[in-house]
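Biologist: I would like to learn how to read strands, cross-links and buried positions from a set of coordinates. Could we take one structure and go through such features in turn?

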Amino acid sequence: MAIVALTLSTGALAHHGLGRFDRTKQVDFVGVIRGIDFVNPHSYLHFDATTAEGKTIAMRCEMRAATLLRRSGWTPEMFVVGAKAVVHGYAHRDDAASCYLEDITIGDGKSMNRNDQFTTSAPDVSDRPARLPSGEPNISGDWAQEQYVVAINGAGLVPKSMLAAVKSGAIKPEDVPASGWGPRPVTFTKRGKEEADAFQMWSPKDNPRLRCRPTSIILDWVFDGAVNRIQQEKDRIVINYGLYSFERVIHMNTDKHPTQITPSYAGHSIGHWQGDELVVDTIGFEPGVIAAPVRHSDQLHVIERFSMDPKTWSLTRHYVAEDPVYFTDQYVGSDTVLVADVPYEPHPCDELTPEFRPEEKR
């Protein structure tokens, strides 16, 4: 059986939109705002721009996901319909009426970069108990990975706390911690390699993100900096994933999976506390994608271990996944989330990119 190790750049896989825009071709527009689609996975600003010849072009410029914009203090109300807008960005490779927004000035306001942060206060955890009355660690609440933003000088995605240092050169791009938004190294089976090689990253048929579907319980926990909510109940723990507003239940009142499980995206999860560590065992998945281009079968088996540090209020997860159909070793990784800087809020997912909409001609 032939096996091949997977090694891919997480930055290249993080967003679907950047490849459609030419970062060597900067564009500037002056126009009037007509509206904004404040949605996941990308928001879109609509405005009428006036050309040097006096013609009007109906522009649509791509912005970050609503989840990330809201965490940065941006709101739909900032984009007042009828207000003057000065937009600086990057040209679309094929569509003159599209751009990727880099900077914007609205009315008489200051210029705003797409990475600008308008909320800087840390969440108040002074009254947060470290444990529940029943004794378990208190992991209930809203959690999110530190925001990752795009640094233009070749560093790709960087934590926002490092952005200034990366731009100044004080931190080298190779020293930036990975976001965890891409696939982990794994050794494929013959079938796994063939299907990974054939995977079309920008195809809605292959990539569930492009049709507004969750990818996996592994990737979606941190991807794109979503805010997730954990609720500890008597016999179960409920997790609401913020990016695609998906609910997952961990059953805490049993140590066995049922004999009959209806396959689903999230599978069937059972959990128990091992000291202060929450151990979650999940099976019963429908075939899908762990993280593009790594596919999985209905034999996927995932073990997650969650542990909280009450000094830093950080929640770290270690995971191990096995699937004999697609890889011969284990798919292993870890990630850390913090008490969220904004409350969990389900956002609609509406894929508005024309190339990925089924009704559009490609």
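**Strand pairing and a disulfide**

Modeller: Let us begin with a single bridge, where His-46 has Arg-60 in β3 as its partner; please keep in mind that the model is predicted.

Biologist: How many bridges join strand β2 to strand β3, and do the two run parallel or antiparallel?

Modeller: Strand β2, residues 44-50, and strand β3, residues 56-62, are joined by 7 bridges and run antiparallel. The two strands form a hairpin with 5 residues between them, and in that turn Gly-54 has a positive phi of about 90°.

Biologist: Which strand is joined to β3 by 3 bridges?

Modeller: That is strand β5, residues 98-106, which runs parallel to β3. Arg-60 appears again here, since its bridge partner in β5 is Ser-98. As a general idea to carry along, side chains in a regular strand alternate between the two faces of the sheet.

Biologist: How many disulfides does a search of the whole structure find?

Modeller: The search finds 1 disulfide, formed by Cys-61 and Cys-99 with their sulfur atoms 2.0 Å apart. The pair links distant parts of the chain, with Cys-61 in strand β3 and Cys-99 in strand β5, 38 residues apart. The link is right-handed, with 115° about the S-S bond.

Biologist: Why does Cys-61 count as buried?

Modeller: A residue is called buried when its relative accessible area is under 20%, and Cys-61 counts as buried because its value is 0%. Cys-99 is likewise buried, because its relative accessibility is 0%.

Biologist: Where is Ala-144 found, and which residues does it touch?

Modeller: Ala-144 is found in strand β7, residues 141-144, and it is buried because its relative accessible area is 2%. Leaving aside residues up to four places away in sequence, it touches several others, including Arg-71, Val-227 and Leu-338. Another of its contacts is Ala-226, which is 82 residues away in sequence and 6.1 Å away in space, C-alpha to C-alpha.

Biologist: Is Gln-147 buried or exposed, and with which side chain does its own side chain make a polar contact?

Modeller: Gln-147 lies in the loop between β7 and β8, and it counts as buried because its relative accessibility is 1%. Its side chain makes a polar contact with the side chain of Ser-72, at 3.0 Å. Beyond residues up to four places away in sequence, Gln-147 touches a set of residues, among them Arg-64, Gln-117, Lys-160 and Asp-341.

Conventions
Residues are numbered from 1 along each chain as its sequence is written. This is a predicted model: local features need pLDDT of at least 70, side-chain atom pairs count only at pLDDT 80 or more; totals for chains, interfaces and linings use all residues. Side-chain values use heavy atoms; hydrogens and water are left out. Helices (H or I, at least four residues) and strands (E, at least two) are DSSP runs, numbered from the N terminus. Buried means under 20% relative accessible area, exposed over 50%, partly exposed in between (1.4 Å probe, protein chains only). Contact means heavy atoms within 4.5 Å. A polar contact is a pair of N or O atoms within 3.5 Å; within protein, one must be able to donate a hydrogen and the other to accept it, and residues adjacent in sequence count only if both atoms are side-chain atoms. Two strands pair if DSSP finds at least two bridges between them. A disulfide is a pair of cysteine sulfur atoms within 2.5 Å.
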